[in-house]
Amino acid sequence: MATSVRQSDLAPWKENHRCHSPHPNPLILDVQDLQLPTRHDPPSTISPSISFQVHSKDIIGVQGPPGVGKTTLLRTLAGLESTELPRGVRLQPPRQGLASVDWTTPQWRRQVSYVSGDTSGLEGTPRDFWDATSACQSQQGPLTKGWLDVTTLLTNWKLSPELVDQPWSVLTESGHGPYVALALAIAWKPSILLLDNVISTVMPNNNHEEEETPKWVELTLKSLDIPIVLVSKDATQLDRMCNQLLDLCHVDPFYLQGFE
């Protein structure tokens, strides 16, 4: 069961919030006084600052009413809301031998993987997407060896591996798109996963075998060493999966204007 805390309580990096004992797992992402951009033109940063830490094996749920900035938070962390990397966010490479570096945007997006439940804007097929991403220099290495992981994950989730050769438009319509996108993201072996309404508790088709897919996906995510920041419309799913909840409700309503 998740522990519900306000965002200000998730800031052990501050002296007055410092934990009395070290966290048992390595620190992966340190968010310090992050301000979210609005959808106003020109963009502005009028949100209260958000601070929290993500450690290996954490699953942190983000909750709050529509418009509070849940999607904006994930996209900002992933470096998708600006051409510049988010200020106040520090990534700790978990792989042995890697030190902190000045990240380039492609390197950052390789390590901080954002997956949306809306795959309607993607073109081609998942295999095309994988091949194009593998061709990028910033993605060289694990990607070239991970395609088998994609098909294995889909099989474990009671989904057909042949989905990777279907157009994203077809996958979106059938409800399979987010699951295939998630399998790709896990196979990339990022440092952290940001999941935005990816796991539906009900598959939108009548395939009896796929009724168990959400359960198997949840079990996979809970077994990963990769930490996860999760947005879900299903409060019970957050409670099942998360060890902490980042509550964005506790902010002045004035600051909620302009968020997606």
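## A walk through the fold

The chain has eight helices and nine strands. Keep in mind that this is a predicted model. Of its 260 residues, 47% count as buried. If you look at contacts between residues at least 6 apart in sequence, 72% of them join residues at least 24 apart.

**The open sheet**

Let's start with an open sheet of three strands, ordered β3-β2-β5 and paired in the antiparallel sense. Its edge strands are β3 (50–55) and β5, each of which pairs on one side only. On average, neighbouring strands here are turned by 5° against each other, direction ignored. As a bit of background, strands of a sheet pair through backbone hydrogen bonds, either parallel or antiparallel.

Zoom in on β2 (residues 27–34) and you'll find three bridges tying it to β5, again antiparallel. Leu29 stands opposite Leu91 in β5. Helix α1 lies across β2, β3 and β5, and runs at about 120° to β2.

**Leu85, in the loop after α1**

Between α1 (70–77) and β5 (89–91) there is a loop, and Leu85 sits in it. Is Leu85 buried or exposed? Neither label fits: its relative accessible area is 23%, and because buried means under 20%, it counts as partly exposed. Leaving aside neighbours within four places in sequence, Leu85 is in contact with Trp103, Thr104, Thr105 and Trp108.

**The largest pocket and β6**

The largest pocket has a volume of about 680 Å³. It is lined by 30 residues, and those nearest its centre are Leu80, Tyr114, Val115, Ser116 and Phe129. The elements that give two or more residues to this lining are α1, α2 (105–111), β6 (112–116), α3 (126–135) and α6. Which element gives the largest share? That would be β6, with five residues.

Strand β6 is also largely enclosed by the rest of the structure, because four of its five residues are buried. It pairs with β7 in the parallel sense over five bridges. Tyr114 has Leu194 as its bridge partner in β7.

**Helix α7 and its buried face**

Now for helix α7 (residues 213–223), where Thr213, Pro214, Val217, Glu218, Thr220 and Leu221 are buried. Seen down the axis of α7, these residues fall within an arc of 160°, so they line one face of the helix. What do they pack against? The partners are β4 (59–63), α4 (147–156), α6 (177–187), β7 (192–196), β8 (228–231) and α8 (235–241).

Ile199 comes into this picture from the loop between β7 and α7. At 7% relative accessibility, Ile199 counts as buried, because the cut-off is under 20%. Beyond its neighbours within four places in sequence, Ile199 touches Tyr179, Pro214, Val217, Glu218, Leu221, Gln237 and Met241.

**Two loop residues and their partners**

Here is how Leu85 and Ile199 each sit relative to a residue further along the chain, with distances taken C-alpha to C-alpha.

| Pair | Apart in sequence | Apart in space |
|---|---|---|
| Leu85 and Arg109 | 24 residues | 9.4 Å |
| Ile199 and Val217 | 18 residues | 7.7 Å |

Val217 in the second row is one of the buried residues of α7, and it is among the contacts of Ile199 as well.

Technical notes
Residues are numbered from 1 along each chain as its sequence is written. This is a predicted model: local features need pLDDT of at least 70, side-chain atom pairs count only at pLDDT 80 or more; totals for chains, interfaces and linings use all residues. Side-chain values use heavy atoms; hydrogens and water are left out. Buried means under 20% relative accessible area, exposed over 50%, partly exposed in between (1.4 Å probe, protein chains only). Contact means heavy atoms within 4.5 Å. Two strands pair if DSSP finds at least two bridges between them. Axes are lines fitted to C-alpha atoms, for helices over the stretch in contact, and angles run from 0 to 180 degrees between N-to-C directions. The arc is that of the directions from the helix axis to the C-beta atoms. On a 1 Å grid over the protein atoms alone, a cavity is a set of points where a 1.4 Å probe fits but cannot get out, and a pocket is an open set with protein on both sides within 12 Å along at least five of seven lines; lining residues have an atom within 4 Å of a point. Grid points are joined across faces, edges and corners, and a volume is the space filled by probe spheres set on the points.
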